[in-house]
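Biologist: Before I rely on any label in this model, I would like to hear the reasoning behind it, step by step. Could we go through it together?

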Amino acid sequence: MSDSLITTPLHNMHVAAGAKMVAFAGYDMPVQYPLGVKQEHLHCRAKVGLFDVSHMGQIRLSGASMKSVALALESMIPADFVNLEQGRQRYGFFTNAAGGIMDDLMVTNAGDHFFIVVNAGCKDQDIAHMRAHLGHNIDLEVLDGRSLLALQGPMAGAAMARLAPATEAMHFMDAKAVSILGYDCFIGRAGYTGEDGFEISVANENAENLATRLLAFDEVEWIGLGARDSLRLEAGLCLYGHDLSPGTTPVAANLNWGIQKSRRAGGEREGGFPGADVILAEMANGANRGRVGLLPEGKAPVREGAELVTAEGHVIGVVTSGGFGPSLSAPLAMGYLDNAFSSIGTQVFAQVRGKQLPCRVCKMPFVEQTYRR
């Protein structure tokens, strides 16, 4: 490990479990365990996977009133936080003046504050962005003293309920403060795999004990970054820095659902966020390109960066995420295509090592999402 890499409070557990560690977003993180990426992936789809996501940024925002904080957030994010109910989470994204996405994030109304989780690679940038734009009346606290664990899979609800019965009544995107093993935890019923599950914020000093207790359940296994990536790709979920970028608008990314009616044209708080003119115009008229799912017709995977072309070789798009889907036993990919070629069933070609590999545009998600609605 490089001395410059940051470690999470669970680092020693990963090493002891035989994890292969890699540099990721400035952290020394487990990419896989002895089980291997494919079996970790399939285990999470069948039972329960435990992920250390403590590298992500956890932030607490408070102010004179929840509405004042909500409005401050709405000046930076095209989502409705004024009407976000207590104990509920909402997906959002910071936008720039050109309508591009600076990062995507999760925001929770925790009652007396908003709890925010941002991506590890954008954490410092996001915190600086918020400090610069939220105003002096909003208190921003970076929760460096807390770890984050994700428990994901069809058996996650039953496993969680054994330690915290109060979680049984929770549904997708619910969040609440819960005591687990006597530790104060903040739990959201959400995740990044397409499966039912939870994200658990816990004090650093209690993280190892909580992880150990969860891993004691027969159905729970550690899952690394490798399987986390294939799981989220099968679920049709975007990865910032790959499928989302400062040059990609929410409309092109097919994330219109993340912009609630109140923030759209004609809504009571229409616009008011960076790039609103661009984004609202695209919502009315469409973007020039769109994010699509792709199924390569052969067995060879199509990777990020591969150009998408017509049979005649004209460039019409690019792959932003790609690999092998263990649940499908086949390769899969996600990318952006010019609108004329983005209809379901359209055949396009990926340029891979001088060859044109045929792909079909398909619906996403690639596997059914099993959130507890």
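Modeller: Let us begin with what a strand is here: a DSSP run of type E that holds at least two residues, numbered from the N terminus. Please keep in mind throughout that this is a predicted model.

Biologist: Where is Gln 89 found, and what makes it count as buried or exposed?

Modeller: Gln 89 is found in strand β5, which covers residues 89-95. Buried means under 20% relative accessible area, and because Gln 89 has a relative accessibility of 10%, it counts as buried.

Biologist: What is Gln 89 in contact with, and what does its side chain reach?

Modeller: Leaving aside neighbours within four places in sequence, Gln 89 is in contact with a list of residues including Leu 84, Met 106, Thr 108, Met 173, Asp 174 and Arg 189. The side chain of Gln 89 reaches the backbone oxygen of Asp 174 at 3.4 Å, and as a polar contact requires N or O atoms within 3.5 Å, that distance satisfies the cut-off.

Biologist: How do you know that β5 pairs with β6?

Modeller: Two strands pair if DSSP finds at least two bridges between them; 7 bridges join β5 to strand β6 (residues 101-109), so the two count as paired, and they run antiparallel. Within this pairing, Thr 95 stands opposite Ile 101 in β6.

Biologist: What is the strand order of the open sheet, and why are some of its members called edge strands?

Modeller: The open sheet has 5 strands in the order β5-β6-β7-β4-β8, with antiparallel pairing. The edge strands are β5 and β8 (139-142), as each pairs on one side only. The twist averages 30° from one strand to the next. Helix α3 (residues 66-74) packs on this sheet, touching β4 (57-62), β6 and β7 (114-118), and its direction makes about 25° with that of β7. Helix α4 (residues 123-133) also packs on the sheet, touching β4, β5, β6, β7 and β8, with a direction at about 165° to that of β8.

Biologist: Which strands close into a barrel, and how do you know that β14 is joined to β19?

Modeller: The barrel is closed by 6 strands in the order β14-β17-β16-β15-β18-β19, with antiparallel pairing. Its neighbouring strands are turned by 45° against each other on average, direction ignored. Between β14 (residues 289-296) and β19 (residues 355-362) there are 4 bridges, set against a requirement of at least two, so these strands count as paired. Here Leu 295 stands opposite Arg 360 in β19. Helix α7 (residues 225-234) lies across β16 (315-325) and β17 (330-338), running at about 125° to β16.

Biologist: What makes the backbone at Met 173 and Arg 353 worth a remark?

Modeller: Most residues other than glycine have a negative phi. Met 173, however, has a positive phi of about 75°, and Arg 353 has one near 50°.

Biologist: Where do Met 173 and Arg 353 lie, and why is each called buried or exposed?

Modeller: Met 173 lies in the loop between α5 (156-163) and β10 (175-180), and its relative accessibility of 12% is under 20%, so it counts as buried. Arg 353 is found in the loop between β18 (347-352) and β19, and with a relative accessible area of 79%, which is over 50%, it is therefore exposed.

Biologist: What makes the peptide bond from Met 364 to Pro 365 cis or trans?

Modeller: Its omega is near 0°, and the bond is cis. Pro 365 has its place in the segment after β19.

Note on methods: Residues are numbered from 1 along each chain as its sequence is written. This is a predicted model: local features need pLDDT of at least 70, side-chain atom pairs count only at pLDDT 80 or more; totals for chains, interfaces and linings use all residues. Side-chain values use heavy atoms; hydrogens and water are left out. Axes are lines fitted to C-alpha atoms, for helices over the stretch in contact, and angles run from 0 to 180 degrees between N-to-C directions. Contact means heavy atoms within 4.5 Å. Buried means under 20% relative accessible area, exposed over 50%, partly exposed in between (1.4 Å probe, protein chains only). A polar contact is a pair of N or O atoms within 3.5 Å; within protein, one must be able to donate a hydrogen and the other to accept it, and residues adjacent in sequence count only if both atoms are side-chain atoms.
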